[in-house]
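Please take the two views below together, the sequence and the fold, and keep both at hand while reading. The paragraphs that follow move from whole chains to single residues.

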Amino acid sequence: MNQRQAKSKPKRKPATLEVLRAGIQTTVQDQGRSGYRHLGVAQSGALDAPALLLANRLVNNPGHFAGLEMVVGPIALRFSDASCLAICGADFDADLDGVALRSGWRVYAQPGQVLTWRGARQGMRAYLAVAGGIAVPEVLGSRSTDIAAQFGGFMGRALQHGDQLPIDVVAAAARCERSVGCLQRLWTPELRVLPGPEYAEFGAQAQQAFWQQAWGVSHQSNRMGYRLEGTPLMRAASGDLLSHAVMPGVIQVPPNGLPIVLLADAQATGGYPRIGVVIAADLWKLAQARPGTRFCFIQSDLAQAQAAQKKWQQEQYRLEWSLYGR
Amino acid sequence: MTALLSKPMSFYLLGENAAVIQGCAPASLICQRRLWSLAQQLRVLGGYREVVPGMNNLTLVFDPELTNGAAQLALLADLWDRSEAQDFTSRTVPIQVNYGGEFGPDLELVAAHAGLSPEQVIAAHTAAEYLVYFLGFQPGFAYLGGLPPALATPRRATPRLSVPAGSVGIGGAQTGIYPAASPGGWQLIGRSSLTLFDPELAQPSLLQPGDLVRFVSL
């Protein structure tokens, strides 16, 4: 097609997802922002990134497409055009025009249909992917919402009543009409952890307490970090550390001895001792742990961390193959 | 100078996808300059998710599927040995500040703590030259070295829930500017109307490591 023809083609009205009820802290997220931490920019992105990835795969989207992170309902969304959708992550109570939806399944949405998501029954966060993806503009290479810095996502903020989310339907519904589902990852109350650079600065007693106690998730947890409740860990060494880079998964121990596991919205630099790092393959589990949940840290090593990552990739290939034969 | 340079650096992994090079305390400018030049080389090499200088340390985030930690540590050690403290042609960035009043509600407190008049605090704060060591905390937030020791003031016991964008503050022995509104515990002495971070620009952060900052009283 030459340029002249392309120009004369009538411009179609962009498809939208209209927000009838916004819920609380519903945000546009993708796999996060990278390459800007040296400017102080947080990673952002889905806290349960694997769940958003699965939802994207189910609707035949590339993995980096943006979806919605849903935490507290009720959320109601109206589809302007035919599309297909999938919600992964937490088990939830939701329907499409009265027909119940299941976690980890893809369904076809007719124009005008309303998706209602009332909240999670188990787990904490659910991820909606729509064929074509939420087409908000990219900011610094990502469509994720950075709430603190107020950019990215939909106008740099959580969704509000009346928002019209653009959807890119070009690549959409054709291959989506068959309803299919996938196995979701199994949540267990165990996070594998690699000892951190300051691990040795904690005495034998604190090290033992770190691995052996069941840690509780504090109500003060958010997208920046999960604060844990338990027996405080006393650092044997004294003195302040120089500010260093931190990233999601790093477990810091502030002076009160109660660990904080940093998550996607964590600041780029910190100065607290780092007792450990949650392996990348297990970090999603925290995103699905509600306040009050108890879990344990399991000491791990590099080989295990890499094997776990490889296993996750194989799961994705298997899903791709079973859905689209490639 | 050579004594400082010969102090051993440490190289270690942080989780499965980051490698860190760390200098010894106390922090030195020579070490920092070598780290800036190392960061520059790593960015030119490319292929990394993040290259993040801290205070006398540098963190390299890589893709563990494409490379492994041991290789990255070896590379860092090798590049460090061959690196030199670059002669940075520092830019000097003037930052105009409205001191005191509604813009700097803690100016009097900082003055009382230092045993100076508010005018003397402004004079001392504007006379000094500050070096950007690294960025962090929020987009475009510069960690500055060079605060006159007399102006060091402890942080507020109770942090403010919201500090306006552009606020210039003192926290302990540090001074800095909040690019965006955020909670904050620093003592606020003034405010600048400059945009310190704009994600729409090709270079989003006004200040870069190695830059010199001069505060100018309006």
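Accessible areas, which are needed for what follows, come from the Shrake-Rupley method with a 1.4 Å probe. By that reckoning chain A exposes about 14,300 Å², of which carbon and sulfur atoms supply 52%, while chain B exposes about 9,600 Å², with 57% supplied by carbon and sulfur atoms.

Before the folds are read in detail, the standing of the coordinates should be clear: this is a predicted model, and its scores are ipTM 0.91 and pTM 0.92. For chain B the mean pLDDT is 91, and 94% of the residues in that chain reach 70 or more. Residues 1–5 of chain B are a stretch to treat with reserve, since the pLDDT there is below 50, and this stretch has four contacts in the model beyond near neighbours in sequence.

Chain A contains five helices and 18 strands. Its radius of gyration is 21 Å, close to the 20 Å that the globule rule gives for 326 residues, so chain A is as compact as a globular protein of that length. Along the principal axes, the C-alpha trace of chain A spans about 70 × 40 × 35 Å. Of the 326 residues in this chain, 56% count as buried, and among the contacts in chain A with a separation of 6 or more, 75% are accounted for by residues 24 or more positions apart. As for charge, chain A carries 33 positive and 24 negative charges, and the mean positions of these two sets are 6 Å apart.

Chain B can be read in the same order. This chain has five helices and 13 strands, and its radius of gyration of 19 Å agrees with the value near 17 Å that a compact globule of 218 residues would have. The C-alpha trace of chain B spans about 55 × 40 × 35 Å along its principal axes. Buried residues make up 52% of the 218 residues in chain B, and residues 24 or more positions apart account for 60% of the contacts in this chain with a separation of 6 or more. There are 12 positive and 16 negative side chains in chain B, with the centres of the two sets lying 5 Å apart.

With the chains outlined, single positions can be considered, beginning in chain A. Where does A:Ser44 lie, and which residues does it touch? A:Ser44 is found in the loop between β2 (27–29) and α2 (49–58) of chain A, and because its relative accessible area is 0%, under the 20% cut-off, A:Ser44 counts as buried. Leaving aside residues up to four places away in sequence, A:Ser44 touches A:Gln29, A:Gly32 and A:Arg33, then A:Ser144, A:Thr145 and A:Asp146, and also A:Arg223, A:Ala264 and A:Asp265.

A:Arg192 offers a second vantage point, this time within a strand, namely β10 (residues 190–195) of chain A. With a relative accessibility of 28%, A:Arg192 counts as partly exposed, because that value falls between the 20% and 50% cut-offs. The C-alpha atoms of A:Arg192 and A:Val278 are separated by 5.9 Å, although the two residues are 86 residues apart along the chain. A:Val278 is also one of the residues that A:Arg192 touches when those up to four places away in sequence are not counted; the others are A:Val277, A:Ile279, A:Asp282, A:Ile298, A:Ser300, A:Gln304 and A:Ala308.

The backbone itself holds a few further details. The peptide bond from A:Gly73 to A:Pro74 is cis, with omega near 0°, and A:Pro74 has its place in strand β4 (residues 72–79) of chain A. A:Gln25, in the loop between β1 (15–24) and β2 of chain A, has a phi near 60°, a positive value in a residue other than glycine; at 42% relative accessibility, A:Gln25 counts as partly exposed. In chain B, phi of B:Phe137 is near 70°, which is likewise a positive value in a residue other than glycine. B:Phe137 is placed in the loop between β6 (130–135) and β7 (142–145) of chain B, and with 28% relative accessibility it counts as partly exposed.

Definitions and conventions:
Residues numbered from 1 in each chain as written. Chains lettered and ligands numbered in written order. Predicted model: local features only at pLDDT ≥ 70, side-chain atom pairs only at ≥ 80, totals over all residues. Heavy atoms only, no water. pLDDT = per-residue confidence, 0-100. Contact = heavy atoms within 4.5 Å. Helix = DSSP H or I, 4+ residues; strand = E, 2+ residues; numbered from the N terminus. Rg over C-alpha atoms; globule rule 2.2 N^0.38 Å. Buried < 20%, exposed > 50% of the residue type's maximum accessible area, 1.4 Å probe, protein only. Lys, Arg positive; Asp, Glu negative; His and termini not counted. Charge placed at Lys NZ, Arg CZ, Asp CG, Glu CD.
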